[in-house]
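Work through the exercises below with the structure open. Try each task before reading its solution.

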Amino acid sequence: PDAGVAQRVLVDVDGVTLHDVLLDQPQRLIVVGPVGQSVILIDGTRARIASAPCSGQICVARGWLHRIGDVAACVPNRIVLRLTGDAPAALDGITQ
């Protein structure tokens with residue numbers, strides 16, 4: 001696999017993984033959290049939270065994720081979408 005390109009989507013609710021699916025097939029997941037229903041879309045190469053019952057919609061604005069280590073979270077609904085794969089996570093910062 002390409003370094004940094006994700007192969008799997010993990011969806012956690014309240015810290016429990018409810019979905020662990022391959023990223024290679026288009027899918028629509030309905031995930032129910034404490035404040036309602038969220039919709040997660042997978043298009044075959046990337047994933048996103050497409051809709052959520054929260055007021056801020058920060059999780060939806062995060063957009064499409066495609067790299068290992070990319071995360072979108074709906075804090076009010078306690079849903080975390082994470083991308084994983086075989087390669088190490090891409091760097092998110094460098095310090096000296």
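**Exercise 1. Pairing at the start of the chain**

How many bridges join strand 1 to strand 2, and in which sense do the two strands run?

Solution. The model is predicted, so keep that in mind throughout. Start with strand 1, residues 8-13. Strand 1 is joined to strand 2 by 6 bridges. The two strands run antiparallel. For one facing pair, take Val-13, which stands opposite Val-16 in strand 2.

**Exercise 2. Inventory**

List the elements of the protein chain in order from the N terminus.

Solution. Count first: there are 1 helix and 7 strands. Then read along the chain from the N terminus: β-β-β-β-β-α-β-β.

**Exercise 3. The sheet of 4 strands**

Give the strand order of the open sheet of 4 strands. Then find the strands at its edges.

Solution. The order is 2-1-7-6, with antiparallel pairing. Strand 2 (16-22) and strand 6 (71-74) stand at the edges. Each has a single partner strand, so one side of each lacks a neighbour in the sheet. From one strand to the next, the twist averages 15°.

**Exercise 4. The sheet of 3 strands**

Repeat the analysis for the open sheet of 3 strands.

Solution. Here the order is 3-4-5, and the pairing is antiparallel. Strand 3 (27-33) and strand 5 (47-51) take the edges. Each has a single partner strand, so one side of each has no neighbour in the sheet. Neighbouring strands are turned by 30° against each other on average, direction ignored. Now look at strand 4 (residues 36-42): 4 bridges join it to strand 5, and the two run antiparallel. Ile-40 stands opposite Ile-49 in strand 5.

**Exercise 5. A hairpin and its faces**

Which side chains of strand 6 are buried, and which are not?

Solution. The side chains alternate along strand 6. Ala-72 and Cys-74 point to one face and are buried. Val-71 and Ala-73 point to the other face and are not buried. Next, the partner: strand 6 pairs with strand 7 (residues 79-84) in the antiparallel sense over 4 bridges. Ala-72 stands opposite Leu-81 in strand 7. The two strands form a hairpin with 4 residues between them. In the turn, Arg-78 has a positive phi of about 55°.

**Exercise 6. Salt bridges**

How many salt bridges are there? Locate three of the pairs and check the accessibility of their residues.

Solution. With a cut-off of 4 Å between side-chain nitrogen and carboxyl oxygen, the count is 4.

- Arg-8 and Asp-20 meet at 2.7 Å, N to O. Arg-8 lies in strand 1 and Asp-20 in strand 2, so the pair ties together parts 12 residues apart in sequence. Arg-8 is partly exposed at 29%, and Asp-20 is partly exposed at 43%.
- Arg-82 and Asp-12 form a salt bridge with their closest N and O atoms 3.0 Å apart. Arg-82 lies in strand 7 and Asp-12 in strand 1, so this pair ties together parts 70 residues apart in sequence. Arg-82 is partly exposed at 28%. Asp-12, at 10%, counts as buried.
- Asp-14 and Arg-78 form a salt bridge with their closest N and O atoms 3.5 Å apart. Asp-14 sits in the loop between strand 1 and strand 2, and Arg-78 in the loop between strand 6 and strand 7, 64 residues apart. Asp-14 is partly exposed at 49%, as is Arg-78 at 47%.

**Exercise 7. Whole-chain totals**

What percentage of the 96 residues is buried?

Solution. Buried residues make up 38%. The accessible surface comes to about 5,600 Å², and 54% of that belongs to carbon and sulfur atoms.

Notes:
Residues numbered from 1 in each chain as written. Predicted model: local features only at pLDDT ≥ 70, side-chain atom pairs only at ≥ 80, totals over all residues. Heavy atoms only, no water. Pairing = 2+ DSSP bridges. Axes fitted to C-alpha atoms, helices over the stretch in contact; angles between N-to-C directions. Buried < 20%, exposed > 50% of the residue type's maximum accessible area, 1.4 Å probe, protein only. Areas by Shrake-Rupley, 256 points an atom, 1.4 Å probe, with all protein chains shown as cover.
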